[in-house]
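Me: Please take a close look at one part of this model, the side of a domain that packs against its neighbour in the same chain. I would like a connected account of the contact and of what surrounds it.

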Amino acid sequence: MPLTTSKPIYGFEVFLASNGLLLQANVNVWIKKRWLETIKAIDWFGGNALDMKHTVETMDVLSTDLYENLKALNTLLNDPSDLTTKVIAVGGSKYKAAIVSLEGLSDQLLLKEQVINPIQQNTSMSVESLLNPTQALQDIENQMISLQVPARTGQWETIMSFLLSGDAVLLLDGADEALMIKSRDWPSRSIEEPQTEALVRGPRIGFTESIETNISLLRRHIKQPELMIMPHTIGRRSKQTLCIVYIKGIANSSLVNEVERRIKSLNLDYAPESGTIEQWIEDSSLSPFPQILNTERPDKVTAALLQGKVAILLDGTPFVLLLPFTFVSLLHSPEDYYERWVIGSLIRLLRLVAVFATLFLPALYIAILSFHPGMIPFKLVVSIAASREGVPFPAVIEALLMEVTLELLREAGIRLPKPIGQTIGIVGGLVIGEAAVQAGIVSPIMVIIVALTAISSFAIPSFSAGISFRMLRFITMISASFLGLYGIVMLFIMICLHLIRLHSFGVPYLAPIAPSFKGDWKDMFLRVPVTWLTKRPVFMKPGDTHRAKKR
Amino acid sequence: MKNELINEQMSNKEIVYTVSNMIIGFGILTLPNTIVKTTVSSDGWISVLLGGGVAILFAWLIGKLGESFPGEHYHTMVTRIVNRQAAHILTLCFTLYFLLFVSYQIRGVSTITRLYLFDNTPEEFIGFIFLLVLAYGVAGPSIALVRLNLLFFPVLVCILLAIVILNIGSFDVHHLLPVLKSDFTGILQASKETILSYLGVEIMLFYNIFVFKKKKATAPIVYGVMISTVLYLLLFIVVIAVFGSVVTEHTLYPIAELAKEVEVPGEVFERFEFFFFVIWLISLFCTNVMALDVAIVGVMSIFPKARRISIITALLPLMYIIGLLPSGLYELHIFADWISYFGIGVAWFIPALLLLMVKLKGGRAHE
């Protein structure tokens with residue numbers, strides 16, 4: 001919006017302010033003339049954009065005439081159909097006021113009860129107010145409206161941003177300022193259990209699309225003024241609210257600075273989801289691994305904040321970003337802490353096995369069958385060979401075929417409505433698997449391998465991290481088909497090299513392992529009893545290192 | 001503004017692991033075989049310890065030299081002690097040694113991998129892939145390569161210990177007897193061979209860039225050598241206890257055969273040596289990638305304007321060709337011996353002399 005580029009009028013006004021009210025009025029007349037001229041200009045050129053810009057530049061501040069203002073507002077907003085304007089008489093005076101709001105965004109009933117009725121039913125007004133519209137506006141704000149008034153301004157730009165966010169604007173005839181009245185009522189969803197991160201044990205609360213609700217959910221957990229919520233506006237056109245949340249004194253200040261620096265460098269039209277922000281601010285776009293975690297669970301965010309991490313909340317999405325993200329936290333789920341430590345530890349080990357199975361199981365199958373049948377017991381080799389009899393393809397084609405089918409089924413299962421999705425599961429999993437074996441396209445062992453891989457990949461708590469392993473699985477399969485075990489080892493080395501080089505906001509991706517922080521190993525692949533976990537993770541260099549006192 | 005979360009220092013643990021992993025590279029496969037050629041039954045342990053002692057001495061000297069110049073690498077050290085021309089020459093020798101070392105090892109890896117893992121795949125192709133992964137490794141920052149050891153060295157030790165433990169069933173004490181029957185010259189000759197297996201400490205002369213703490217680096221370096229000495233000793237004794245000295249003498253790669261002997265309870269895996277090979281390959285990769293990285297750092301200190309990636313592209317084909325030059329295992333062994341002698345001269349004796357010069361010059365090194 002080029003609204004701010006109208007320096008001359010500012011100058012004019014400052015100059016005129018010293019010359020008294022009379023001149024002020026003259027200037028208003030002058031602005032009105034210019035305004036009418038430009039309106040004509042628009043008619044002549046058929047809404048030429050250049051002239052439009054010119055109009056906007058002239059109309060920077062409110063005039064004192066109510067109808068001029070309403071007309072100007074309509075033009076500035078390009079005649080929106082959902083703009084509701086209600087002109088009312090202020091009770092006990094001759095003033096006229098207008099309440100302007102966007103219909104679907106603000107609570108009309110609330111406005112009627114708390115703003116329109118009190119103003120209309122007002123009986124008396126002080127003499128001073130009757131003469132001075134600015135004083136009258138003050139009276140309306142203080143005595144009549146019972147809703148919150150966040151701002152009082154004469155700048156069109158501010159007025160428009162409030163209006164477009166769902167607040168109502170009260171314009172008074174004769175006053176060159178307007179009241180913003182907080183009446184936002186955005187359509188929103190109630191708090192539900194997060195679909196993608198369901199737990200057996202743990203709170204059944206998930207974030208919603210409204211950032212106010214989300215912040216309140218966090219505030220409910222951490223009742224401390226140190227919970228810092230730094231608002232930013234993202235999107236040149238969408239003007240969304242984005243909040244960087246951290247706990248002062250725990251989160252490392254250089255981490256917070258880095259996050260703020262990256263967020264401030266963003267310049268985009270619109271951020272449809274926090275995933276867009278994630279991709280803009282992540283360290284390496286080429287890496288297959290996610291460097292920022294997303295979650296729908298307030299308890300997960302709270303725990304992370306208390307570890308010294310930083311959260312990014314974006315208005316319009318229930319997915320909150322958590323950073324820095326490390327490879328180890330990919331195996332963690334909030335449930336590990338809610339269950340007793342043996343269960344938590346064993347489940348984590350199971351997930352580690354799942355990671356390796358997802359990555360290497362089909363590749364090992366290919367390598368063993370094509371290069372090293374001596375690696376497994378002789379009887380097993382014989383039974384595999386017998387089951388593969390009649391399969392026309394080499395192991396790698398067989399594996400690729402089945403793995404691609406699996407990915408297709410998974411993708412189709414997500415897109416379809418829930419009841420049909422289950423049908424697809426049955427059709428795909430049972431029928432296709434069975435039929436493929438019967439038809440002699442793949443061997444039964446291959447079906448087992450594919451099924452195991454699929455189950456393993458879904459056992460990884462973070463969905464996006466699971467995807468990266470599933471992607472890499474295809475590369476390991478291809479390298480195994482060329483060089484067997486040697487190929488797998490070489491690829492494994494490359495993955496490790498990549499992981500070691502990767503950083504998430506300055507924190508090494510393999511943090512407690514390499515570089516090694518022994519204190520953090522207590523909460524890595526194992527989860528020791530909570531009574532031992534008295535220190536926060538050291539690798540994020542938190543300000544306050546102790547989170548509990550030893551008994 | 002510098003992000004204080006980024007950690008570019010080498011911790012003591014990283015130094016220990018780096019040194020140990022650098023030493024236990026290729027030598028571990030053939031060590032028992034070379035020792036028993038000149039010693040009787042299990043007497044080779046004296047040679048292992050003697051070699052270890054010499055290595056610890058030089059490790060201590062190298063550590064002391066590094067401590068005198070915290071945060072600086074070999075080229076700057078020599079420039080400070082002697083002058084710039086000497087630094088160029090010595091760094092060039094060092095670089096040459098590491099380049100030859102890597103080319104020999106690439107060849108060795110491909111030969112042994114082909115022997116144990118493949119039937120038809122040509123050695124040249126295996127070596128080529130190894131080289132490509134090496135190139136990927138050295139293209140990144142050096143500190144990442146050091147940290148690779150943190151991941152793999154513990155696994156290597158675990159697998160080696162597993163081989164030892166799972167072989168307990170096949171121990172035969174009679175193989176270890178008689179004790180102390182070898183003549184002194186034989187033991188010394190074997191020691192000469194074992195010393196060559198301890199090459200690798202010298203890497204710390206270059207990775208001294210990541211060590212800033214004064215008076216701290218020597219102890220971890222010495223620990224690193226000690227860990228490898230203990231592992232060598234353990235493996236040597238176990239090999240002799242399982243195979244006996246006669247069989248060992250006629251086995252080319254006794255440790256690999258030892259891994260083959262392992263029988264996993266439940267027979268899930270027919271051949272345990274695959275595990276050994278996987279971790280051995282990875283460990284060798286770590287050794288080589290660090291050596292190559294140091295060589296590149298060396299070249300870059302001589303030609304400061306050259307870009308890292310162009311040095312890599314220039315060096316790799318050269319090393320590939322050098323690695324292919326020796327024909328057959330015998331020539332490869334001679335090649336390896338010459339590189340090792342060269343390495344001991346360049347990387348152990350010259351730094352020791354340099355340390356002597358530092359001590360004679362006194363405090364001037366710290367200016």
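Reply: What follows describes the contact between domain 3 and domain 4 of chain A, then its surroundings.

The model is predicted. The domain assignment divides chain A into domain 1 (1-60), domain 2 (63-186), domain 3 (211-325) and domain 4 (337-508). The C-alpha centres of domain 3 of chain A and domain 4 of chain A are 33 Å apart. Their contact involves 20 residues from domain 3 of chain A and 18 residues from domain 4 of chain A.

Between them, domain 3 of chain A and domain 4 of chain A bury about 1400 Å², with 70% of this area on carbon and sulfur atoms. On the domain 3 side, A:Asp283, A:Pro288 and A:Phe289 lose the most area to domain 4 of chain A, and together they account for 37% of what that side buries. The rule finds zero salt bridges across the interface of domain 3 of chain A and domain 4 of chain A. Five residue pairs are in polar contact between these two domains, both residues being at pLDDT 80 or more.

Three elements of chain A give two or more residues to the domain 3 side of this contact: helix H10 (253-264), strand E8 (293-295) and helix H12 (298-307). H10(A) provides the largest share, four residues. By class, the side of domain 3 of chain A that touches domain 4 of chain A has eleven nonpolar, five polar and four charged residues.

A:His498 is a useful residue to follow next. This residue is in helix H19 of chain A and, at 17% relative accessibility, counts as buried because the cut-off is under 20%. Leaving out residues up to four places away in sequence, A:His498 touches A:Ser287, A:Pro288, A:Phe289 and B:Tyr136. Two of these names, A:Pro288 and A:Phe289, also appear among the domain 3 residues that lose the most area to domain 4 of chain A, while B:Tyr136 belongs to chain B. From A:His498 to A:Val328 the C-alpha distance is 15 Å, with their positions 170 residues apart in sequence.

The contact with chain B can be described in the same terms. In it, 41 residues of chain A meet 39 residues of chain B. The two chains bury about 3600 Å² between them, and carbon and sulfur atoms give 73% of that area. Between chain A and chain B the count is zero salt bridges, and five residue pairs are in polar contact, both at pLDDT 80 or more. On the chain A side, the elements giving two or more residues are H10, helix H19 (463-501) and strand E12 (507-508). H19(A) supplies the largest share, 14 residues. The chain A side has 28 nonpolar, nine polar and four charged residues. H10(A) is thus listed for the side that touches chain B, as well as for the side of domain 3 that touches domain 4 of chain A.

Within domain 3, some further residues fill in the picture. A:Asn214 is in helix H9 (residues 211-221) of chain A and counts as buried at 1% relative accessibility. Apart from neighbours within four places in sequence, A:Asn214 is in contact with A:Phe207, A:Thr208, A:Leu313 and A:Thr317. A:Phe319 is in the loop between strand E9 (310-314) and strand E10 (320-323) of chain A, and is partly exposed at 24% relative accessibility. Among the residues that A:Phe319 touches are A:Asn294 and A:Thr295.

A:Arg237 and A:Asp269 form a salt bridge, with their closest N and O atoms 3.8 Å apart. This pair links distant parts of the chain, 32 residues apart: A:Arg237 is in the loop between strand E6 (227-234) and strand E7 (240-247), and A:Asp269 is in the loop between H10 and helix H11 (274-281) of chain A. A:Arg237 is exposed, at 69% relative accessibility, whereas A:Asp269 is partly exposed at 34%.

Salt bridges also occur on the other side of the domain pair. In helix H16 (residues 395-415) of chain A, A:Glu407 and A:Arg410 are about one helical turn from each other because they are three residues apart. Their side chains meet in a salt bridge of 3.5 Å, N to O. A:Glu407 is buried at 16% relative accessibility, and A:Arg410 is buried at 19%. Salt bridges with shared partners join A:Glu403, A:Glu407, A:Arg410, A:Glu411, A:Arg415, A:Arg470 and A:Arg473 into one network.

Conventions:
Residues numbered from 1 in each chain as written. Chains lettered and ligands numbered in written order. Heavy atoms only, no water. Domains from an automatic or database assignment. Contact = heavy atoms within 4.5 Å. Buried area = accessible area lost by both parts, 1.4 Å probe. Salt bridge = Lys/Arg side-chain N within 4 Å of Asp/Glu carboxyl O. Polar contact = N/O pair within 3.5 Å; in protein donor to acceptor, adjacent residues only side chain to side chain. Nonpolar A, V, L, I, M, F, W, Y, C, P; charged D, E, K, R; others polar. Buried < 20%, exposed > 50% of the residue type's maximum accessible area, 1.4 Å probe, protein only.
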